[in-house]
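Visitor: I am new here and would like a friendly tour. Could you show me what we will be looking at?

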Amino acid sequence: MLAILPMAVCAQTQFGYLSFRQVMEQMPEYAKAKQDLEVLKQKYEQEAVRGEEEFQRKFVEFLQGQKEFPQTIMQKRQLELQNLMDNGVSFRIQVGKLLEQAEKDLMAEVDKKLKQAILEVGVEQGYGLVLNIDGNSCPFINPLVGVDVTTLVLQKLGIAVPETTPAAGPAGGNVSMPQPVVVPVQPLQPVQVQEQEQKDDAGK
């Protein structure tokens with residue numbers, strides 16, 4: 001009995017779940033971080049292209065003058081071209097590492113804020129835990145104990161959530177409310193108006 005009691009208590013404890021990625025992508029901080037990262041990428045790309053254009057220009061100059069250059073100048077130009085090419089490759093590799101670290105740094109604050117909101121929602125609602133269902137990590141969630149907390153977390157983050165007020169059916173399901181039928185009224189033509197007046201006079 002003592003072994004079964006904790007299992008029964010756990011079975012009655014509700015838990016929350018949400019898609020961490022889905023909520024994060026709706027955060028304005030996430031959009032700002034992505035924008036800052038894109039600006040940084042463009043700056044690095046411009047610098048890389050500038051170096052590659054310089055290499056191309058000097059390479060063309062080398063091809064055009066190689067027949068006239070003395071041996072010492074030829075060796076000097078070849079060394080310059082090799083250095084430019086090596087620097088370009090090294091810069092590309094370095095940029096990749098810098099962008100990767102920049103993305104981690106920019107997303108760290110977003111991640112921290114989202115986790116804090118999830119923590120507050122979990123404590124306020126009394127959930128035993130809140131699961132992240134990204135990557136199909138939870139193929140089955142019992143609806144009797146699992147609660148989708150996406151809306152609660154978004155509200156905690158100050159993100160507006162569209163309100164839906166569907167009508168409830170007999171079994172709690174949603175039903176579509178019938179739309180009013182509007183019958184268009186055709187205006188009377190002059191002849192019809194005259195006939196109608198004659199009928200009214202005759203009736204009097």
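**A guided tour in questions and answers**

Visitor: How many salt bridges does a search of the whole structure find?

Guide: Before counting, please note that this is a predicted model, in which local features need pLDDT of at least 70, side-chain atom pairs count only at pLDDT 80 or more, and totals for chains, interfaces and linings use all residues. Residues are numbered from 1 along each chain as its sequence is written, and side-chain values use heavy atoms, with hydrogens and water left out. A salt bridge here is a side-chain nitrogen of Lys or Arg within 4 Å of a carboxyl oxygen of Asp or Glu. Searching the whole structure by that rule gives a total of 13.

Visitor: In what pattern do helices and strands follow along the protein chain?

Guide: Helices (H or I, at least four residues) and strands (E, at least two) are DSSP runs, numbered from the N terminus. The protein chain has six helices and five strands. Read along the sequence, the pattern is α-β-α-α-α-β-β-α-β-β-α.

Visitor: What percentage of the 204 residues in the protein chain is buried?

Guide: Buried means under 20% relative accessible area, exposed over 50%, and partly exposed in between (1.4 Å probe, protein chains only). With that cut-off applied to the 204 residues of the protein chain, the buried share is 20%.

Visitor: Which elements give two or more residues to the largest nonpolar core, and which gives the most?

Guide: A nonpolar core is a set of buried Ala, Val, Leu, Ile, Met, Phe, Trp, Tyr and Cys residues joined through side-chain atoms within 4.5 Å. The largest one has 19 residues, and those with the most contacts inside it are Val 23, Met 27, Val 110, Leu 114, Val 153 and Leu 157. Two or more residues come from each of H2, helix H3 (28-65), helix H4 (71-125) and helix H5 (150-156). The element that gives the most, with six residues, is H4.

Visitor: Which residues is Val 110 in contact with, leaving aside its neighbours within four places in sequence?

Guide: Contact means heavy atoms within 4.5 Å. Val 110 is one of the residues with the most contacts inside the largest core. Beyond its sequence neighbours, its contacts are Met 24, Met 27, Glu 29, Tyr 30 and Ala 33.

Visitor: With which side chain does the side chain of Ser 19 make a polar contact?

Guide: Ser 19 is found in the loop between strand S1 (15-18) and helix H2 (20-24), and at 12% relative accessible area Ser 19 is buried. A polar contact is a pair of N or O atoms within 3.5 Å; within protein, one must be able to donate a hydrogen and the other to accept it, and residues adjacent in sequence count only if both atoms are side-chain atoms. At 2.6 Å, the partner of the Ser 19 side chain is that of Asp 134.

Visitor: How are the rings of Tyr 44 and Phe 91 arranged?

Guide: Rings of Phe, Tyr and Trp (its six-membered ring) pair if their centres lie within 6.5 Å; planes under 30 degrees apart count as stacked, over 60 as edge-to-face and the rest as tilted. The whole structure holds two aromatic pairs. For Tyr 44 and Phe 91, the centres are 6.4 Å apart and the planes meet at 70°, an arrangement called edge-to-face.

Visitor: How many residues apart in sequence are the parts that Tyr 44 and Phe 91 tie together?

Guide: Tyr 44 lies in helix H3 and Phe 91 in helix H4. Because they sit in those two helices, the pair ties together parts whose separation in sequence is 47 residues.

Visitor: Why does the pair of Phe 55 and Phe 59 count as it does, stacked or edge-to-face?

Guide: Phe 55 and Phe 59 are four residues apart in helix H3, which is about one helical turn. Phe 55 is buried at 18% relative accessibility, whereas Phe 59 is partly exposed at 32%. Their ring centres are 6.0 Å apart and their planes are at 15°, so the pair is stacked.

Visitor: Which residue forms a salt bridge with Glu 120?

Guide: The closest N and O atoms of this salt bridge are 3.8 Å apart. Glu 120 lies in helix H4 and its partner in helix H5, so the pair ties together parts 36 residues apart in sequence. That partner is Lys 156.

Visitor: Which residues do salt bridges that share partners join into one network?

Guide: In helix H3, Glu 47 and Arg 50 are three residues apart, and their side chains meet in a salt bridge of 2.9 Å, N to O. Lys 58 also forms a salt bridge with Glu 54, at 3.8 Å between the closest N and O atoms. Through shared partners, the network consists of Glu 47, Arg 50, Glu 54 and Lys 58.
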